[in-house]
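Hi,

Here's the structure I promised to pass on to you. Have a look at it first, and then read on for what I found.

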Amino acid sequence: MEQTQKKPFRLTRNHWLTLGALSAFIILAVVADLFFDAFTLRVFNLCAIYIVLALSLNMLNGFTGLFSLGHAGFMAVGAYVCALLTMSPQLKEMNYFLMPIVPWLKNLTIPFLPAILIAGLAAALVGFLIGAPVLRLRDDYLAIATLGFGEIIRVLITNAQPITNGAQGLKGLPRYATTFAVWVAAGLVLLFMVLLVRSSYGRAMKAVRDDELAAEAMGINVFRVKVTSFTMSSFLAGVGGALLGHMITTIDPKMFTFMLTFNILLIVVLGGIGSISGSVIAAIVVTVLMEALRFLDEPMNLIIIRTQGLPGLRMVVFSLMLMIVVIYRQRGLMGNKEFSWDMLNGLFVKKGRKGGSDHV
Amino acid sequence: MSEQASELMLNTSHLTMKFGGLTAVSDLNLEIRKNEIVGLIGPNGAGKTTAFNVITGMYRPTEGKVLFRGQDITGLKPHSITKLGIARTFQNIRLFKEMTVLENVLVACHMSIHAGPFSATLHLPGYRQRESEARRFSLELLEKVGLVHLAYENATGLPYGQQRRLEIVRALATRPRMLLLDEPAAGMNPQESLDLMNFIRKIRDEFDLTIFLIEHHMQVVMGVCEHMYVLDYGVTIAHGDPASIQKNPKVIEAYLGVD
């Protein structure tokens, strides 16, 4: 009875596998939270944040077909808004030693949950304001314009010293982004994406991606779909940025350069443009490798060659990965397909390779 | 001309479209009545598709007006025009590549599902009901044109003729009053074209449609159209019933050339 039956709704083997994977993952998260050392736990939690960010970029790049490179900007907005809302007055006073903080922000402190939602909304608002004019552009021009706006946001933050403390950044943020918080956020965003993509609105987004003219002729308000998608994506980027800030506990404008956008883009492209599970798997793989490959940046003694420590050498590995993916799997690891147990089964039968972890 | 005066569906007055110095369509005056099948024919580059694009809002005309059931629709966005009840197909098939046949049709139902991003994502009861209604409707449409067994296939994997048919079904799913077909018989052999023309007549009757179609080969549409307009270099050189068009010296000249 190892057949895959789909029609009658009952718990099939695949449902059990999903439930099993889910509970295994929850146990892993609990174990990680209790027993892992600080560094490993941080990498583990960083995976969750990168899942949020990768999904938010994939919503644009993968599902609506908008090539946007301004993500770091929206993350910065989220991170700063959330930080400013949660920092205590004393903490603010300590941080703003060069120039005092504006009075209306000084005594404003609210709990983390509303703060992160406001952070997301602020990023969404900025996304909407930028998206409305910029989304009239297409393809490369859109990429260039969003890239520019991403940088503009960063420069504004650097120079709005009375509000953002400028280039010094903010230090000592409360460590609210716990294992629980980040993985719940990742789970919710994952669920949101899966439901969105399967819905009529998701279909409309994909229609815009596949053929704008035809979508318009089918009665879809293409421009509105684009702006909505851009705004929702900015919201998620803002939430991701806020989580990142509250995990690292220090933020400064230099964190949110184009390199950050590039890292997320790398995840999306490696995982598969237009694949939710691809983004999840690639987010985990890339985050872990980013840390695991740190030894490459340090001085090495390879018997024959002795290196002096080449910062950035690990990025070469990612470049190679990207090249291999581009040559052998143009559509990324998962293409535009979604992970399923049957697929995994097929892989095992063929060559027995390891697959991804959790998928709803 | 001397038919019973049924409701006027689409008419244009002095419609002109210029691209820089090039006049693609000049002074086009159409008059299409309810349930008619009207052909727009002409040699390559005569401005037929441009006329379609102007009517469906893809271009804003340089001059003139487009009226749909008496309402001025000049310069409206394409999606608003679709909402009012004009659907179209494209000369070069434009199916959504990465979707199944059913999904392609469902996209056209998006308008009637009225789904905002949140009601859709949360699968609210109202949305669920409209979604399953749309699904039923789409499958029914596919059933009618004999594509239902391919509903879960990838749309672009279908044979050419069926892709053309799917494009028509997709346009029908927007529940139009009027259907604009841009060279539906392009690339078909005579027998297939004949089948297609029967199919077009069938859907006209079944869905109470008015059909305006572009065709390149005059013979193909002779049998199906009740009325025709002939364009050459953007200028309407003739209009009338097929028999008179066929005899019209200007039309023969445009098609065959003259020494």
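Let's begin with chain A, which has 16 helices and 4 strands. Keep in mind as you read that this is a predicted model.

How does chain A with its 360 residues fare against the rule for a compact globule? Such a globule would have a radius of gyration near 21 Å, and chain A has 21 Å, so the two agree. If you lay the C-alpha trace of chain A along its principal axes, it spans about 70 × 65 × 45 Å. Of the 360 residues here, 45% count as buried. The contacts in chain A are worth a look too: taking those with a separation of 6 or more, 80% are between residues 24 or more positions apart.

Now for chain B. This one has 10 helices and 11 strands. For 259 residues, the globule rule gives a radius of gyration near 18 Å; chain B has 19 Å, which agrees. Its C-alpha atoms fill a box of roughly 65 × 40 × 40 Å along the principal axes. In chain B, 43% of the 259 residues count as buried. Residues 24 or more positions apart make up 66% of the chain B contacts that have a separation of 6 or more.

Next, the inside. Which residues have the most contacts within the largest nonpolar core? They are A:I51, A:V52 and A:A54, and the core itself has 172 residues. Helix α2 of chain A (residues 38–64) gives the largest share of this core, with 15 residues. Chain B takes part as well: domain 1 (1–85 + 176–259) and domain 2 (95–174) of chain B both give residues to the core, so it lies between them. If you'd like one residue to click on, try A:I51. Leaving aside residues up to four places away in sequence, A:I51 touches A:A186, A:L190, A:V280 and A:A283.

Then there's the place where the chains meet. Here 23 residues of chain A are in contact with 27 residues of chain B. On the chain A side, four helices each supply at least two residues: α9 (179–198), α10 (200–210), α11 (212–217) and α12 (222–248). Which of them gives the largest share of that side? That's α10(A), with 7 residues. Sorted by class, the residues on the chain A side come out as 12 nonpolar, 6 polar and 5 charged.

Last, back to the two domains of chain B. The domain assignment gives domain 1 as 1–85 + 176–259 and domain 2 as 95–174, so to speak of domain 1 is to speak of two stretches of sequence. Taken over C-alpha atoms, the centres of the two domains of chain B are 27 Å apart. Their contact takes 11 residues from domain 1 and 8 residues from domain 2. On the domain 1 side, α2 (78–84), β8 (178–182) and α7 (190–207) of chain B each supply at least two residues. The most come from α7(B), which gives 3 residues. By class, that domain 1 side has 7 nonpolar, 2 polar and 2 charged residues.

Happy browsing!

Note on methods: Residues are numbered from 1 along each chain as its sequence is written. Chains are lettered from A and ligands numbered from 1 in the order in which they are written. This is a predicted model: local features need pLDDT of at least 70, side-chain atom pairs count only at pLDDT 80 or more; totals for chains, interfaces and linings use all residues. The radius of gyration is taken over C-alpha atoms; the globule rule is 2.2 Å times the number of residues to the power 0.38. A residue is buried if 20 or more other C-beta atoms lie within 10 Å of its own, exposed if 12 or fewer, and partly exposed in between; C-beta atoms are placed from the backbone. Two residues are in contact if their C-beta atoms, placed from the backbone, lie within 7 Å. A nonpolar core is a set of buried Ala, Val, Leu, Ile, Met, Phe, Trp, Tyr and Cys residues joined through C-beta atoms within 7 Å. Domain bounds come from an automatic or database domain assignment. Ala, Val, Leu, Ile, Met, Phe, Trp, Tyr, Cys and Pro count as nonpolar, Asp, Glu, Lys and Arg as charged, and the others, Gly among them, as polar.
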